[in-house]
Amino acid sequence: MPWDLSQHGLNGEASNPLALYGSSETHTWLDKFAALSGLGIGSIRRISTDGKGRMQPSALRAAIESDLQAGVRPCMVVGTAGTVSTGAIDPLRDIQTVCRAFNVWFHVDGAYGAPAAALPDAPDELRGLAEADSLAVDPHKWLYAPIEAGCVLVRNPANLQAAFSHHPPYYRFDGDAKDPPLNYYEWGPQNSRGFRALKVWVGIRYAGRAGIQQMIADDIALARSLYSHVEAHPELEALTASPSITTFRYVPSDLNVERRSPEVGEYLDVLNEKLLAQLQSGVDLYLSNAIVEGRFALRACIVNFRTTERDVQAVPGVVVRAGRAIDEQIRPPAIASSSSTSARA
Ligand SMILES: Cc1ncc(COP(=O)(O)O)c(C=O)c1O
């Protein structure tokens with residue numbers, strides 16, 4: 001058998017390998033991390049989620065217990081504050097309780113959602129990110145910085161120094177003992193590094209904390225407004241809204257029924273996939289996609305301070321016009337109202 005390094009990592013056949021825990025919704029950076037770090041993708045446990053895409057802490061606990069019994073060493077749990085597909089927020093406080101119980105590092109992926117925790121009315125579950133040992137934030141997402149400016153915050157700076165600080169004879173950066181310099185090469189993997197933080201700092205200085213809070217609050221309000229517009233349209237199905245991601249899909253009126261046959265379900269996925277491709281190649285709006293409870297959905301993620309209520313109001317019309325045209329072109333004869341079981345009142 002060839003040794004699959006990315007799958008089994010440097011642990012190989014070790015009897016006490018390390019394990020990582022994320023959910024089925026954790027972004028795929030975790031796979032890259034597992035392969036790059038040498039732990040191997042096989043070290044990841046994808047913990048199940050509830051109907052809203054949130055990690056189930058009881059399943060996490062059970063997975064850790066079962067690993068411990070098998071001699072595996074739990075190493076890190078990743079909770080997500082705003083999943084990439086639907087913006088779901090894991091129950092961070094409950095996950096942290098599990099991490100504490102087993103002395104496992106708790107990392108929170110707040111790449112997208114973390115800045116929303118600064119809002120005065122932020123949901124308590126989002127504020128749970130304060131419990132993390134480390135937190136990833138992407139200022140190029142919801143802090144409005146130009147791409148790219150990834151950032152990780154670590155609760156205890158001594159952990160960074162323990163991992164990254166080296167004092168070879170050719171580095172003489174100690175400076176004045178009374179006013180020692182902050183040598184960033186001791187705080188992260190890079191030695192030579194650019195000043196990415198400058199653009200983040202300038203943005204924060206320009207808008208101020210209150211300005212950024214306002215822009216984030218506006219984005220959230222727009223995503224909710226989009227959800228209401230979609231909900232009100234008889235040919236659209238509203239799926240999720242959290243915190244500034246709204247998912248929905250186009251459903252022709254004659255297929256908009258309580259219980260759909262599997263064939264209709266499959267057709268709606270195909271229809272929405274084609275619809276998304278067409279919308280993306282057009283100039284009116286740009287949506288991405290999500291899979292919501294097995295269904296192909298259109299996804300609007302509002303993180304641009306230039307988006308307005310007028311833009312959001314225009315979305316249903318554009319989507320439905322394109323949806324109708326594609327439905328007319330591609331609907332197979334077998335898929336008609338008769339394939340559905342009971343019409344909605
Ligand atoms: C929750 C989450 N984590 C991680 C990432 C990856 O971010 P980047 O592309 O900046 O590496 C994304 C990107 O959408 C994300 O939404």
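Me: Which residue follows helix 4, and what is the sign of its phi?

Reply: This is a predicted model, and in it helix 4 is followed by N103. The phi of N103 is positive, with a value near 55 degrees.

Me: Which residues of helix 4 are called buried, and what makes them so?

Reply: Within helix 4, which spans residues 92-102, the buried ones are L92, I95, Q96, V98 and C99. A residue earns that word if 20 or more other C-beta atoms lie within 10 Å of its own. These five therefore all reach that count.

Me: How do you know that they are on the same side of helix 4?

Reply: Look at the arc: around the axis they cover only 160 degrees, which puts them on the same side of helix 4. R100 and A101, on the other side, are exposed. An α-helix has 3.6 residues a turn, so residues three or four places apart point the same way.

Me: What covers the buried residues of helix 4?

Reply: The cover includes helix 3 (57-69), helix 5 (124-127), strand 3 and strand 4.

Me: Why is E235 called partly exposed?

Reply: E235 has 19 other C-beta atoms within 10 Å. Buried would take 20 or more, and exposed would take 12 or fewer, so E235 falls in between.

Me: Where is the place of E235, and which residues does it touch?

Reply: E235 is in the loop that runs between helix 8 (197-232) and strand 7 (236-242). Leaving out residues up to four places away in sequence, E235 touches Y250, V251, P252, S253, N256, V320 and G323. S253 is 18 residues from E235 along the chain, yet 5.4 Å separates their C-alpha atoms.

Me: What makes strand 7 and strand 9 stand at the edges?

Reply: Strand 7 belongs to an open sheet of four strands in the order 7-8-10-9, with antiparallel pairing. Strand 7 and strand 9 (288-292) each have a single partner strand, so one side of each has no neighbour in the sheet. From one strand to the next, the twist averages 35 degrees.

Me: How do you know that strand 8 and strand 10 pair?

Reply: Pairing needs at least two bridges. Four bridges join strand 8 (residues 245-250) to strand 10 (residues 295-301), so the two count as paired. One example is T247, whose bridge partner in strand 10 is R299.

Me: Which strands does helix 8 lie across?

Reply: Helix 8 lies across strand 7, strand 8 and strand 10, and runs at about 160 degrees to strand 7.

Me: Why is the pairing in the sheet of six strands called mixed, and which are its edge strands?

Reply: Strands of a sheet can pair in a parallel or an antiparallel way. The order of this open sheet is 2-1-3-4-5-6, and its pairing is mixed. Its edge strands, strand 2 (44-47) and strand 6 (151-154), pair on one side only. Strand 3 (residues 73-80) and strand 4 (residues 105-109) run parallel and are joined by five bridges. For M76, the bridge partner in strand 4 is W105.

Me: What makes the shell around the ligand divide into four nonpolar, five polar and two charged residues?

Reply: The ligand is surrounded by H27, W29, T80, G82, T83, V84, D109, A111, Y112, D138 and G150. Trp, Val, Ala and Tyr count as nonpolar, so W29, V84, A111 and Y112 give the four. Asp counts as charged, so D109 and D138 give the two. The others, Gly among them, count as polar and give the five.

Technical notes. Residues are numbered from 1 along each chain as its sequence is written. This is a predicted model: local features need pLDDT of at least 70, side-chain atom pairs count only at pLDDT 80 or more; totals for chains, interfaces and linings use all residues. A residue is near a molecule or strand if its C-beta atom, placed from the backbone, lies within 6 Å of it. The arc is that of the directions from the helix axis to the C-beta atoms. Two residues are in contact if their C-beta atoms, placed from the backbone, lie within 7 Å. Axes are lines fitted to C-alpha atoms, for helices over the stretch in contact, and angles run from 0 to 180 degrees between N-to-C directions.
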